[in-house]
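Hi,

Here's the structure I promised to pass on. Have a look at it first, and then read my notes underneath.

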Amino acid sequence: MYKGELFTNLSGNIKKGTTTLDNIDLILNSDLGKSIGLNNTNIFVQFLGNSGGAPNDFVGTIQGISNIEAYSTWKLYQLFIEKRLFDDKFSVLTGLYDLNSEFDVDDNSGLFINPSFGIGPDFSQSGINGPSIFPTTSLAVRLKYENENIFAKIAVFDGVSGDPDKPEGTQIKLAKDDGLLIVGEVGYEELPDDLMNLKISLGGWTYTKNCETTELSVDYLPKGLFEKNYGFYLILQKLLNSELNTFGFLRFGYANKKINPIDFSLESGIKLDGMFTEQSEFGLAVAIVHLSADYMKNMEVLENLKLKKYEMILELSYSFNLTNWIKIQPDFQYIINPTYSYSTKNTLVFFTRMELIL
């Protein structure tokens with residue numbers, strides 16, 4: 001799959017301007033039962049290629065602007081083997097694995113381009129090099145149980161994804177002081193006729209290695225205190241109108257305020273399938289993050305940057321199929337209080353995304 005974007009900052013903030021960026025996914029998913037006789041086992045391989053500009057450099061948000069913005073490189077992104085047991089109710093997975101492919105996932109927010117509608121910003125900010133998500137994954141072991149309407153899953157990851165000093169290519173660096181990232185999620189879902197009627201997910205995460213806090217001492221030097229980094233999230237998805245194919249979603253997430261810039265976030269929106277054409281999606285969503293008091297104090301003292309308590313992004317998006325293999329998506333985002341901008345001006349940006357599905 002190929003995704004290409006044309007980005008324009010319409011109202012300015014850090015700077016007006018236009019840039020382009022793109023993303024390529026090459027995926028192989030093979031049933032090893034058919035190829036070498038390992039029944040109920042599959043291998044998944046994904047290569048990732050990114051290039052182009054950095055839209056957030058024009059705006060300065062803490063949440064980001066595009067969910068395909070990344071360092072320009074090619075890499076092996078995922079490589080794992082999954083074994084299914086007990087009539088597919090239980091499965092074990094191990095290898096290079098994207099946490100957000102199964103954890104902290106909102107099935108109805110995938111339309112939107114802003115990263116906050118993928119994994120929550122309270123979670124994605126964590127870790128020395130981020131958790132095991134786009135664009136850098138780490139080695140993991142994941143266990144999952146599914147039975148009728150309930151599911152439960154837990155995964156253990158290398159605590160540092162890739163190599164923070166080497167963003168090029170695929171880096172697998174296991175060090176004894178990396179620690180581990182442990183993620184768990186339980187939930188309930190109703191899927192009559194494979195159409196999601198209701199889904200509730202509750203997840204939590206923690207790092208085993210202590211992280212330095214963001215507190216400052218009286219003389220404005222770092223205290224050097226260390227605490228566990230942890231957080232939780234709650235996701236609610238609901239079919240609002242079956243005749244109009246209208247879905248709603250709501251997510252709340254929290255992260256340890258002594259360590260993280262964002263201590264909690266809220267994302268919500270609606271999506272309409274087939275509103276204008278049969279193969280189309282239309283949606284409106286909002287993402288709000290609240291900055292921790294310690295982080296705001298740090299930025300004011302050390303960077304002379306006085307931050308607002310919250311940042312809000314409103315997104316309006318419409319996606320439609322031009323042909324069976326070309327999808328076009330115009331997208332507007334309005335940013336209120338962009339965190340890393342010295343200007344107090346709110347910002348309006350516009351994307352045009354094209355997807356080629358081969």
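Below is what turned up when I went through the aromatic rings.

One thing before you start: this is a predicted model. There are 19 aromatic pairs in it. A good one to begin with is Phe80 with Tyr97: the ring centres are 5.9 Å apart and the planes stand at 90 degrees, and since anything over 60 counts as edge-to-face, that's what this pair is. It also ties together distant parts of the chain, as Phe80 belongs to strand β4 (residues 73–85) and Tyr97 to strand β5 (residues 90–97), with the two 17 residues apart.

Are these two rings buried or exposed? Phe80 has a relative accessible area of 8%, so it falls under the 20% cut-off and is buried. Tyr97 is buried too, with a relative accessible area of 1%. Both rings also belong to an aromatic cluster, which they form with Phe44 and Phe157.

Next, take a look at Phe112 and Phe117. Their pair is tilted, with 45 degrees between the planes and 5.2 Å from centre to centre. Phe112 counts as buried at 1% relative accessibility, and Phe117 is buried as well, with a relative accessible area of 5%.

Last, a couple of rings have a lysine for company. Lys15 has its charged end over the ring of Phe58, 4.6 Å from the ring's centre. Over the ring of Phe103 you'll find the charged end of Lys153, this time 5.7 Å from the centre.

That's it from me. Happy browsing!

Technical notes
Residues are numbered from 1 along each chain as its sequence is written. This is a predicted model: local features need pLDDT of at least 70, side-chain atom pairs count only at pLDDT 80 or more; totals for chains, interfaces and linings use all residues. Side-chain values use heavy atoms; hydrogens and water are left out. Rings of Phe, Tyr and Trp (its six-membered ring) pair if their centres lie within 6.5 Å; planes under 30 degrees apart count as stacked, over 60 as edge-to-face and the rest as tilted. Helices (H or I, at least four residues) and strands (E, at least two) are DSSP runs, numbered from the N terminus. Buried means under 20% relative accessible area, exposed over 50%, partly exposed in between (1.4 Å probe, protein chains only). A charge sits over a ring if NZ of Lys or CZ of Arg is within 6 Å of the ring centre and within 35 degrees of the ring normal.
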